[in-house]
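Work through the three exercises below with the model open. Each task is followed by its solution in steps.

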Amino acid sequence: DSVLTSSPDHQEAKLAKAQVLSWMRRYRQAVELLQSLVEDSPTSALYLYELGKVYWMGGTPRKGLEYYEQAYLQDPMSQEIIRGLARVHRQLRSHELSLYWYRKLLVKVPNDPEALSEVFRQTYRADHEVVLQWSEEVFTKQGFDNHSAASLEYYFSLSEDWKPFLHLSRV
């Protein structure tokens with residue numbers, strides 16, 4: 001604050017204050033500071049990324065996505081921008097796009113734990129959804145024997161989306 005008081009246009013001080021405000025969950029104030037930085041430097045990947053991150057953390061992921069995309073256009077090599085794009089798409093349940101960005105991150109950082117975990121989780125989920133859809137088709141057309149019912153119960157238990165229907169495997 002003292003730097004901003006003596007020099008209100010000091011960009012590094014504004015950025016630092018916006019980051020602190022974000023950590024304190026005072027997103028509206030952080031957005032105001034970051035928007036003024038973006039107005040002064042509209043092609044700064046750092047400011048665009050930080051503004052996208054604050055919007056995402058503040059509960060408006062679609063607005064955050066806009067700024068992440070603008071940041072990516074300015075700096076397509078940034079690992080943090082790519083990670084931000086993957087995270088916001090995951091939150092928006094755009095699984096294919098999230099998977100795309102996590103895979104892109106793995107090209108840059110091959111052993112990134114978050115990206116490895118998300119690629120596995122999202123690929124695993126997609127594989128199991130195919131099995132669940134097949135099981136549902138078989139169930140409605142042919143009926144189930146005990147083994148098929150147990151298999152369906154197992155797959156229902158793996159998916160958060162399907163868990164509420166776990167009891168249907170025994171009907």
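**Exercise 1. Locate V20, classify its exposure, and find the surface patch it belongs to.**

Step 1. V20 sits in helix α2. The model is a predicted one.

Step 2. Take its relative accessibility, 38%. Buried means under 20%, exposed over 50%. V20 is therefore partly exposed.

Step 3. Look for nonpolar partners on the surface. V20 forms a patch with W23 and M24. Together they have about 350 Å² of accessible area.

**Exercise 2. Describe the largest nonpolar core: its residues, its helices, and the contacts of L34.**

Step 1. Count the members. The core holds 36 residues.

Step 2. Rank them by how many other members they touch. L34, L51, I81 and L85 touch the most.

Step 3. Assign helices. At least two core residues come from each of α2 (11-23), α3 (27-40), α4 (45-57), α5 (61-74), α6 (79-91), α7 (95-108) and α8 (113-142). The top contributor is α4, with 8 residues.

Step 4. Zoom in on L34. Leave out residues up to four places away in sequence. L34 then touches L15, A18, E50, L51 and V54.

**Exercise 3. Place S78, decide whether S78 is buried or exposed, and find what its side chain reaches.**

Step 1. S78 belongs to the loop between α5 and α6.

Step 2. The relative accessible area of S78 is 16%. The cut-off for buried is under 20%. So S78 is buried.

Step 3. Follow the side chain of S78. It reaches the backbone nitrogen of E80 at 3.4 Å.

Terms used:
Residues numbered from 1 in each chain as written. Predicted model: local features only at pLDDT ≥ 70, side-chain atom pairs only at ≥ 80, totals over all residues. Heavy atoms only, no water. Core = buried A, V, L, I, M, F, W, Y, C linked by side-chain atoms within 4.5 Å. Buried < 20%, exposed > 50% of the residue type's maximum accessible area, 1.4 Å probe, protein only. Helix = DSSP H or I, 4+ residues; strand = E, 2+ residues; numbered from the N terminus. Contact = heavy atoms within 4.5 Å. Patch = residues over 30% accessible without salt bridge, like charges linked within 9 Å, V, L, I, M, F, W, Y side chains within 5 Å. Areas by Shrake-Rupley, 256 points an atom, 1.4 Å probe, with all protein chains shown as cover. Salt bridge = Lys/Arg side-chain N within 4 Å of Asp/Glu carboxyl O. Polar contact = N/O pair within 3.5 Å; in protein donor to acceptor, adjacent residues only side chain to side chain.
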